[in-house]
Each structure stands twice: as C-alpha cells, then as structure tokens.
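Reader: I should be grateful for a close look at one part of this structure, with the reasoning set out step by step. Could the aromatic rings be the part you choose?

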Amino acid sequence: MTGVGHFTSAQAQASYLALYDELIAAIPGERETRDVSTTYGQVRVYRFGSAEGTPFVLLHGRGATSAMWEPNIPALAAERTVYAIDSLGEPGRSIQTLPIASSADQAAWLTEVFDVLGIEKAHVAGLSGGGWLTFNLALHSPSRIATATLIEPANVLAHFSKKFLLGGFSLLPGLPQSFGDRFLGWVSGDPDMTQPIARLLTTGMRAYRMHLPIPNYGTDDLLRSLQVPVLALLGGRSVVHDPLEAARRAQTLIPHNETELWPEATHALSGEFPDQLNARLLNFAERA
C-alpha cells in the first residue's frame, strides 16, 4: 500500500524477524506480549513486571525496536511495570496499515495503545526517534504523561547536524552495506557492528522501507508549552545534533526540566550507560 511501511520481500522479512525474535527472547524476565489494534495498524507491545504504581513506557530509537532496551528493562521492571512498544511504521513486529502523515497521527496511534492497555498515565522515556515520539505525545496528550524523559531526542532540542543528514544518504537502497554500517557506527560511537543489536539495526534499515513524516522541530514556543516534568539526557559526544545547544534550549525553554549533559556518552547513551540511566529514570519517577 502506498505510504505504508513494509519489508522489501518475504525473505527479507523472515530473516529480519528471526534475528528480532532471538533478541527479544534474550531479555530477562517474564513478559506478556500483545498486539494492539489501532486506526493506523497493529502495534506490538511487551509488558515486563507487575509492580504497582505508574508504569514506564519505553519508545525505541528509529529502527531499533524494543530489543534495544534489553540492558534497561530488568532493572526498571523490578520496580515498575514496563511496557516496551515497537513503533508503528518501523521494522519490528508492528504492522502499519494506513499512512501516517502528521505529528497528530503519530500521537493518535500511541494514545490508542494507552487506551487499549488501560494506561491512564505513564512515565514515558524515549531515545532518539522515540524521544521525539515522547515529546510529541506530551504536546498532544499531556494528561497521559506523568514524566517525559527525552534521551538524545531527534530534532527536538536542536536541529539535526548537517553531517548527520548527509550521512543518512548512506542508508539509501542500492548502496553498499558497508556505507550504512560505517554511518551507524559513527552515530553510535563506533561500537562492534557485528553485535546482534547492531546487526538488527543495519538489517532493518536495508530490509524495511519506512514512510513516516520527518519529526517536526521543537520550536521555542513548543518547548515552552510543555506541561509535564521533563528529564533531558544528552550525550556530550553526540554527532546527531549540537549537544550544548540542545542542553541550553532545554534548560532555558522547558518550564519543568532537569537537563543533563553526559560528557562521555554518544547518541547511543542508553546502551552505553545502562546502569546510570536506569537509576536516573527510577529516581526521576519517584520524585514526580
């Protein structure tokens, strides 16, 4: 269907999902798996833990799927119920059926997931593209958010850097895989790209065609309008945007914010410093 994300072939889908399922299965702890029907498609959700209190909702980076939260889920689920959501229109187990054309559409399907799961309010945390989804939900449905944690959010606190935008062309179909691998490695601080989660990301970029709108920029007025407590966590070595500019704007524009610049972190902050991030998320939720 025109304007709907899809795998390039049945073979590519089967190969990708085999690796995806393997990584999801490796996340410690019992889980409940649900496929939630929304206006825009079927959304895969994993629930970990059953602790009382306001739950966490985790939104992954673009193309990274819920599997990227493996270093974070066990510690968080020991204290709070955790929902990890595969974003609609991206590689993973969610299935898009209608075009998503606007930020309002993005907020709509996510709000519908909250409704079906009975989540009245949550501590929502997102990395990169998931950080933008968190920010976007806070704008459209602030009553559903207890706290919003923006981890290296994409195009929210600072514009994408020119080098990042140019590097993204390396992921275009038809170019050698090595080009995309080098780009994603550069963004993530040059990790071992043979690791399973890195292979899942690079495989998804080749095997899946996304048709999603570019994340709307977080203008001064939009940042000032945020009504929820915001924790902004930024990598001092990020190449996706200017981290100093992002920190400045968060601190000066967001009414209720706690902003931190982690000097040694890159855009892949959640996987580089999982223990520190887990503790910070739990502390922020406890004080909200």
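**The aromatic rings around F7**

Author: F7 has a relative accessible area of 14% and is therefore buried, since buried means under 20%. This value, like the others here, is computed from a predicted model.

The search for aromatic pairs, run over the whole structure, finds 4 of them. In one pair, the ring centres of F7 and Y16 lie 5.5 Å apart and the planes meet at 50 degrees, so this pair is tilted. Y16 is likewise buried, because its relative accessible area is 0%.

F7 also pairs with Y208: the centres are 5.0 Å apart and the planes stand at 85 degrees, so the arrangement is edge-to-face. This pair links distant parts of the chain, for F7 belongs to strand 1 (residues 6-7) and Y208 to strand 9 (residues 208-209), 201 residues apart. Y208, with a relative accessible area of 6%, is buried.

Which residues make up the aromatic cluster? F7, Y16, Y20 and Y208 form one cluster.

Y20 leads on to R44, since Y20 is among the residues in contact with R44 when neighbours within four places in sequence are left aside. Others in that list include D35, D86 and R93. R44 is found in strand 3 (residues 41-48). Its relative accessibility is 13%, so R44 counts as buried. The side chains of R44 and Y46 are joined by a polar contact of 3.0 Å.

Conventions. Residues numbered from 1 in each chain as written. Predicted model: local features only at pLDDT ≥ 70, side-chain atom pairs only at ≥ 80, totals over all residues. Heavy atoms only, no water. Helix = DSSP H or I, 4+ residues; strand = E, 2+ residues; numbered from the N terminus. Buried < 20%, exposed > 50% of the residue type's maximum accessible area, 1.4 Å probe, protein only. Polar contact = N/O pair within 3.5 Å; in protein donor to acceptor, adjacent residues only side chain to side chain. Contact = heavy atoms within 4.5 Å. Phe/Tyr/Trp six-rings, centres within 6.5 Å; stacked < 30°, edge-to-face > 60°.
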